[in-house]
Amino acid sequence: METAAPELLPLLKKHFGFTSFRPLQEDIIRDSLAGRDVLALLPTGGGKSLCFQLPALLGAGLTVVVSPLIALMKDQVDALQASGIAATFLNSSLAPGEARQRLHGLHNGQYRLLYAAPERLMLAGLLSDLQRWNVRLLAIDEAHCISEWGHDFRPEYRQLGDLRGPFPQVPIMALTATATAHVRADIIKLLQLREPRCYVASFNRSNLTYRVLAKCKPYAQVLEFVLARPGDSGIIYCQSRKTAENLAARLNAGGVKTRPYHAGLTPKERSAHQELFRRDEVRVICATIAFGMGINKPNVRFVIHYDLPKNIEGYYQQTGRAGRDGLPGECVLLFSAGDVIKYSRFIDEKSDPQERRIAREQLQQMAHYAEGAGCRRVELLRYFGEEYSPRPFPGGGPGAAPAAPAAKADPSRCSLVAAEPVNCKACDNCLTPQATFDGTIAAQKFLACVYRIRERSRFGVGLNHVVEVLTGGDTEKIRRWGHDRLSTYGIGREHRRPDWAALGRELIRLGYLRQTAEKFSVLELTDAGLAVLKERRPVTLTKPATAPESNVQRVGEIICDKVLFEHLRELRKRLADERDVPAYIVFADVALRQMARNYPANEREFARISGVGEKKLREFAPVFLGEIAAHLQTHPRQVFADDSLASPGPPTARDTLGDSAGETLRRFRAGQSVVQIARERSLAAGTIYGHLAEAMEYGESIDLDQFFTPEEQKRVSAAFARHGLASLSKVFESLQGACDYGRLRIFRAALSPTVADF
């Protein structure tokens with residue numbers, strides 16, 4: 001199935017509005033187009049969807065996408081349709097009549113992409129239909145769900161291995177955000193991938209800042225954080241349904257529009273709350289881990305963990321919901337040693353020894369991450385087998401240059417590129433390193449207590465028992481085992497028990513102690529710990545954080561005109577509501593920030609904005625350009641220092657009209673009507689009106705009498721006088737539809753300053 005290599009960048013810009021690929025996207029797409037099976041491991045926000053969406057535009061045939069969640073299907077289909085791409089989904093949310101209509105369209109070849117859940121796809125009737133619909137690619141999203149070793153195993157995914165039989169020649173693309181080596185092997189085996197090309201991108205999310213705060217009056221901490229970011233959306237993860245409900249209610253009372261999300265709500269309630277969040281009607285969702293995989297909201301600016309996550313993998317996945325648009329995201333974990341104790345008790349109640357052991361190991365890893373003094377980013381990446389290698393933050397969102405190194409494809413195995421770890425400058429420990437102190441005496445006391453307990457009893461004990469002995473506790477176990485007669489009994493009364501517990505966990509993290517992961521986990525001295533006791537080696541310890549930090553830098557910010565940005569956000573929300581879609585379907589925050597930085601003045605400059613493809617250029621350029629022009633009439637144009645993102649500046653008289661607009665102007669002056677030009681050039685009439693308006697902006701003279709009667713000119717002029725040049729929709733509505741948008745663009749161009757006026 002080898003094919004000639006097509007030109008992909010023009011398609012990328014035309015349909016998705018991006019000028020470059022993210023790491024590995026182009027390689028994955030070309031391998032798929034060549035008929036090869038592919039396994040792609042790209043982290044959250046890494047652009048997995050584009051890997052199968054763009055190939056669907058090349059050649060005839062249908063791309064079938066397997067997706068586990070209804071909300072995610074609708075989200076992606078809405079976004080594709082907004083970009084002018086024929087896509088649909090089939091799932092249980094559709095009424096019978098609507099499903100039949102979509103099936104009819106599939107039979108007639110009207111769609112490029114079909115999204116379906118695995119259980120729906122494997123129905124005999126749909127499988128039979130698929131064999132008649134010229135399927136050219138099978139894309140399995142969230143492919144880790146097929147493996148029992150994955151963090152979100154779904155039995156219905158196991159059936160997908162049967163797809164190879166009816167579609168032996170159709171390439172399969174399996175995609176996931178996180179997968180260990182074991183899970184990757186399961187995906188390849190169970191989906192029957194044939195010599196797949198395996199791609200693993202860096203797990204580094206360079207636009208995210210990681211912080212761990214000491215948990216102290218957590219509601220007040222959260223409220224202060226959220227109120228300090230009045231325009232930002234965020235997710236707060238809680239371990240229990242009750243906590244999610246109570247926190248959401250308190251935040252609402254505190255003036256923050258919030259909804260809970262957890263498995264105890266009805267499907268209708270969960271769907272309604274998620275939809276309010278997607279549409280920016282509420283700013284915050286307080287959720288259990290049930291929330292996340294189905295949300296495709298790119299402008300989530302922060303993720304807060306109100307409680308300690310159970311494992312690093314879940315924490316990474318949940319923090320990955322922030323900053324999917326490439327703009328800064330903040331990840332805050334509120335940590336209390338009490339959470340560790342509470343979860344340890346839950347683990348002790350598990351009946352399966354293997355399950356207990358794994359859960360305890362994962363909890364230890366999570367606690368070590370939270371209490372560690374080293375770079376948070378380095379620790380996260382190391383968990384996934386990657387060494388941190390910094391790259392400058394590109395500041396561009398989807399389609400931008402790589403923010404971190406990505407692995408090269410290897411036909412036989414998955415691999416990662418290692419690099420020398422350095423300070424990330426985007427976590428609390430790197431920005432404001434924790435204070436250290438000479439902890440030799442305290443460490444010796446703790447280690448000696450562990451040694452003496454084992455020496456006397458011939459068995460080890462847990463962390464809490466050691467702390468009780470050090471602080472002179474009077475417990476039944478201490479008396480029964482005679483530990484109140486040890487030389488180390490009560491030698492640590494100068495510190496509180498929580499401080500000793502934190503010190504003990506740090507000694508484990510530093511390798512002086514080992515903690516078993518059995519049901520009754522005990523502490524053991526390591527060789528390094530014995531050396532501290534016998535050789536009096538010095539020990540440097542870290543002072544635990546005691547108060548929240550403030551004013552932590554946000555990496556990767558696109559500095560822009562904040563007033564204009566807010567105006568553009570309001571305009572985007574209004575347009576999205578008119579179309580009954582979430583705001584980010586119209587434009588991502590990246591695009592709005594670029595507009596509020598570069599001040600595009602015409603369609604050519606607007607087309608350079610990230611995410612502006614042909615359809616969005618036609619549909620949205622006039623209204624956004626009008627908003628920007630109106631802003632500049634009452635506000636000075638700001639100048640930004642960063643040359644890498646510098647504004648193209650105001651147009652000059654040397655600029656020339658684009659070739660396409662010039663051809664339209666030539667034909668118009670030769671006597672052709674707008675309808676004739678549109679038909680002969682295979683363009684929409686709105687595009688032709690746009691060309692003529694652009695020509696007028698460049699000083700070309702076009703007589704309004706060719707488009708308006710004298711009476712119409714009076715009415716339209718009065719409407720623009722009332723509503724200004726910013727919003728064509730308001731002018732259109734005030735005229736009650738008597739004048740179409742195309743002619744209104746012409747009229748506005750006649751009222752606007754030309755390029756020569758700058």
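A residue is called buried here when its relative accessible area is under 20%. By that yardstick, strand 6 (residues 172-176) of this predicted model is mostly covered, with five of its five residues buried. The cover comes from both faces: I172, A174 and T176 are buried on one side, and M173 and L175 are buried on the other. Strand 6 also has partners in two other strands. Strand 1 (residues 38-41) runs parallel to strand 6 and is joined to it by four bridges, with V38 standing opposite M173. Strand 5 (residues 135-140) is likewise parallel to strand 6, this time through three bridges, and here A174 is the bridge partner of I140. So much for strand 6; the wider setting comes next.

The protein as a whole has 32 helices and 17 strands. Of its 758 residues, 55% count as buried. Among contacts with a separation of 6 or more, 74% are made by residues 24 or more positions apart.

Further along the chain sits an open sheet of six strands, arranged in the order 8-13-12-9-11-10 with parallel pairing. Strand 8 (208-214) and strand 10 (258-261) form its edges, each pairing on one side only. On average, neighbouring strands of this sheet are turned by 20° against each other, direction ignored. At one edge, strand 8 runs parallel to strand 13 (residues 329-335), and seven bridges hold the pair together. One of the matched pairs is Y210 with C331, the latter in strand 13.

Two helices lie across strands of this sheet. Helix 9 (residues 218-227) lies across strand 8, strand 9 (233-237), strand 11 (284-287), strand 12 (300-305) and strand 13, and runs at about 170° to strand 13. Helix 10 (residues 241-253) lies across strand 9, strand 10 and strand 11, running at about 175° to strand 10. In helix 9, the buried residues are Y219, Q221, V222, L223, F225 and V226. What do these buried residues pack against? Their neighbours are strands 8, 9, 11, 12 and 13, plus helix 10.

Between helix 9 and strand 9 comes a loop, and D232 is part of it. Is D232 buried or exposed? Its relative accessibility is 12%, so D232 counts as buried. D232 also has a distant stretch of sequence for company: N299 is 67 residues away along the chain, yet the two C-alpha atoms are 8.0 Å apart in space.

Helix 17 (residues 440-457) is another element with plenty going on. Its 18 residues, at 1.5 Å a residue, should span 26 Å, and the end C-alpha atoms are indeed 26 Å apart, so expectation and model agree. Right after helix 17 comes R458, with a positive phi near 65°. The buried residues of helix 17 are T440, A442, A443, Q444, F446, L447, A448, C449, V450, I453 and S457. They pack against a mixed set of elements: strand 14 (436-438), helix 18 (463-470), helix 20, strand 15 (513-515), strand 16 (523-525) and helix 21 (527-535).

The packing of helix 17 on helix 20 (residues 497-509) can be described further. The two helices meet at an angle of about 85°, with their axes 11 Å apart. Angles of 65 to 115 degrees count as roughly perpendicular, and helix 17 and helix 20 are therefore roughly perpendicular to each other. On the helix 17 side the contact uses A442, A443, K445, F446 and L447, while helix 20 brings W500, L503, G504 and L507. By type, the residues of this contact divide into seven nonpolar, one polar and one charged. The spacing of residues such as these can be read against helix geometry: an α-helix has 3.6 residues a turn, so residues three or four places apart point the same way.

A last stop is Y599, found in the loop between helix 24 (589-598) and helix 25 (603-606). Y599 has a relative accessible area of 2%, so it is buried. Which residues does Y599 touch, not counting residues up to four places away in sequence? The list runs to D561, L564, Q594, E605, I628, H631, L632, P636, R637, Q638 and F640. A629 is 30 residues from Y599 in sequence, and their C-alpha atoms are 8.2 Å apart in space.

Key
Residues numbered from 1 in each chain as written. Predicted model: local features only at pLDDT ≥ 70, side-chain atom pairs only at ≥ 80, totals over all residues. Heavy atoms only, no water. Pairing = 2+ DSSP bridges. Axes fitted to C-alpha atoms, helices over the stretch in contact; angles between N-to-C directions. Contact = heavy atoms within 4.5 Å. Buried < 20%, exposed > 50% of the residue type's maximum accessible area, 1.4 Å probe, protein only. Parallel < 35°, antiparallel > 145°, perpendicular 65-115°, else oblique. Nonpolar A, V, L, I, M, F, W, Y, C, P; charged D, E, K, R; others polar. Expected span 1.5 Å × (residues − 1).
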